[in-house]
Amino acid sequence: MRSLPEADPGVPDIRSPLRFLWWNAGRQASSLLAGIGFATLWWLVQALMPAVLGKGIEAVTAKDTGALWLWAAILFGLGLIQAFTGVMRHRMAVYNWLAAAYRTVQLTARQATRLGATLPKRLSTGEVVSVGNSDIAHIGSSMDILLRGTGAIVAIVTVTVILISTSLPLGLLVLFGVPLMALAVGPLLRPLHGRQRTQRELSGELSTRAADIVAGLRVLRGIGGEQVFSERYREESQRVRRAGVRVAGVESVLEGAQIVLPGLLIAIVTGVGATFAVAGEIPTGQLVAFYLYAVFLIGPMRTLTEAADKLTKGHVAAGRVIRILSIEPEITGGTGGSEGGVLRDSYSGVTLQPGSLTAVAAGTPEEAIAIADRLGRYADGDVTFGAEELRTLPLDQVRSRILVADNGARLFNGRLRDELDVRGKADGDQIRDALHAACATDIVEALPEGLDAQVAEAGREFSGGQQQRLRLARALLADPEVLILVEPTSAVDAHSEARIAERLVKARAGQTTMICTTSPLVLDRAEHVIYVEGGRVLAEGTHRQLLDSSPEYAATVTRGED
């Protein structure tokens with residue numbers, strides 16, 4: 001099997017499902033043409049076999065041994081060609097299926113990376129997951145069926161020509177019968193299309209519901225809400241089931257039509273041919289050939305019906321992919337450059353001096369998050385980085401130089417070492433130092449395999465506090481030029497929080513760091529503290545200075561206690 005091609009760089013600007021399928025076919029035109037060639041030859045060989053068998057029967061009737069051996073040899077040769085082309089057709093079909101399906105995966109993954117924080121705002125998790133679960137298979141099948149579908153059309157045309165040249169009435173019967181059967185199937189495609197689209201949308205919503213339930217299972221158990229959400233999931237799953245039954249109803253009629261319509265044509269062709277044979281208008285060998293042609297036509301005609309079904313599903317699936325590809329990122333970058341320096345948010349007035357550890361305490365958590373998003377270029381804002389505006393820097397450069405680590409970040413499935421050292425460049429000492437600074441050494445030591453332990457999906461084997469400390473270690477290992485931490489100790493106990501605050505100062509010594517927090521233990525360790533209220537800087541100084549000079553700050557960080 002050939003190696004699969006890489007997806008084209010960038011995301012194509014395609015807004016139509018049909019154009020997307022056409023674009024996908026164009027990316028693998030050579031393999032598609034090769035597969036169509038093998039499929040066409042495969043069908044043609046089968047289309048010629050009834051004629052050869054008819055000639056052989058005529059040779060038997062005429063007791064012509066030489067002719068019998070000749071036609072037997074030709075039939076054997078056709079069998080060998082059919083076997084070879086059948087194998088190659090299947091190989092090319094699998095290749096084209098994989099190429100189309102995984103090109104779609106590459107495109108959607110690249111688009112998801114390009115969109116970043118925009119994606120979860122615009123689409124639910126279920127909609128994205130359904131692309132990988134089912135839509136790529138339908139897109140791959142739409143490319144696969146092009147091989148057999150094109151070959152089937154050529155085979156039907158070939159048989160029609162043979163029948164017309166042998167018997168004009170039979171040839172015309174097939175010539176007009178096949179299009180009529182295709183038209184008879186046509187009215188089923190539109191309701192099938194609509195029902196499939198509805199079922200896919202409901203499946204996406206159900207996947208989102210399942211992901212939400214799994215993510216919040218601990219909370220649901222804590223408040224006793226499992227039964228309520230179980231009932232909701234059961235209701236939605238029943239809606240998906242009913243939608244699937246409606247789709248299956250149309251598909252069952254379509255499947256039945258694949259049997260009934262060709263069977264009807266076979267019966268008519270065979271009956272007319274038998275009438276001609278009884279009347280002596282055609283020899284016995286030709287009658288057998290006509291019957292075999294009629295039987296053979298079942299295959300190409302069923303393939304055409306299958307092609308209509310798979311292309312319809314591919315069209316629906318392509319529409320879902322287009323929905324993802326058509327989304328534009330809310331935040332884009334420029335082409336400028338910056339040597340770094342002071343990072344300043346003009347709207348709030350928050351300013352981060354190079355090499356200092358600054359803490360930002362806000363009247364509400366949302367205010368601190370908004371500032372972190374603007375400084376990290378996850379939201380638009382008037383932010384300067386050194387002498388340049390942050391929006392003028394390429395986005396990948398911003399991401400590599402400024403890291404915003406919040407509690408929405410997740411641990412992914414895989415080896416713990418790889419989860420912590422995402423770039424794969426840290427040595428053992430650096431990983432240990434990061435774990436020590438995040439007060440997470442005990443977590444790793446408790447694992448039988450240590451850093452080589454496998455992390456489950458979303459790190460569910462770890463508690464909330466353990467996940468938070470591991471995420472902090474991961475952020476420290478990234479070692480960015482500017483590190484922005486959002487409530488990095490909100491889920492840990494006071495003793496761990498005090499140790500983390502002390503160790504963070506040492507771990508980020510001489511590097512620009514901002515911590516969004518209202519924890520007095522962390523604020524007391526910061527070199528500079530900024531208090532924000534109403535989205536604007538209200539007071540600045542050290543933690544102890546602000547406790548004395550700013551009643552609002554004191555009330556916020558002490559939770560109103562004396």
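In the hairpin of β11 and β12, 2 residues sit between the strands, and G534 takes a positive phi near 65 degrees. Keep in mind that this is a predicted model. Below is a quick tour of that hairpin, a small set of paired strands with a helix on it, one enclosed cavity and an aromatic pair.

**The β11–β12 hairpin**

- Strand β11 covers residues 528-533 and strand β12 covers residues 536-541; the two run antiparallel and are joined by 5 bridges.
- If you want a spot to check the register, V529 stands opposite G541 in β12.
- In general, strands of a sheet pair through backbone hydrogen bonds, either parallel or antiparallel.

**The four-stranded sheet**

- There's an open sheet of 4 strands, and reading across it you get β2-β1-β4-β5, with antiparallel pairing.
- The edges belong to β2 (351-352) and β5 (388-389); each has a single partner strand, so one side of each is left without a neighbour in the sheet.
- Inside that order, β1 (residues 343-345) pairs with β4 (residues 383-385) in the antiparallel sense, over 3 bridges.
- For the register here, look at L343, which stands opposite F385 in β4.
- Helix α11 (residues 365-375) packs on this sheet and touches β1, β2 and β4. The direction of α11 makes about 130 degrees with that of β1.

**The cavity**

- How many cavities of 30 Å³ or more are there? The count comes to 1, and its volume is about 70 Å³.
- The lining is made up of A405, D406, N407, Q468, R471, L472, A475, L485, V486 and P488.
- By residue class, that lining divides into 6 nonpolar, 2 polar and 2 charged.
- Two elements, α16 (464-478) and β9 (482-486), each supply at least two of the lining residues.
- Of the contributors, α16 gives the most, with 4 residues.

**Aromatic pairs**

- The count of aromatic pairs comes to 5. One of them is F20 with W23: the ring centres are 6.0 Å apart and the planes are at 25 degrees, so the pair is stacked. The cut-off behind that call is that planes under 30 degrees apart count as stacked.
- Why are F20 and W23 separated by about one helical turn? Because they are 3 residues apart in helix α1 (residues 17-27).
- As a rule, a pair of aromatic rings is described by the distance of the centres and the angle of the planes.

How values were computed: Residues numbered from 1 in each chain as written. Predicted model: local features only at pLDDT ≥ 70, side-chain atom pairs only at ≥ 80, totals over all residues. Heavy atoms only, no water. Pairing = 2+ DSSP bridges. Contact = heavy atoms within 4.5 Å. Axes fitted to C-alpha atoms, helices over the stretch in contact; angles between N-to-C directions. 1 Å grid on protein atoms, 1.4 Å probe; cavity = no way out; pocket = protein on both sides within 12 Å on 5 of 7 lines; lining within 4 Å. Points joined across faces, edges and corners; volume = space filled by probe spheres on them. Nonpolar A, V, L, I, M, F, W, Y, C, P; charged D, E, K, R; others polar. Phe/Tyr/Trp six-rings, centres within 6.5 Å; stacked < 30°, edge-to-face > 60°.
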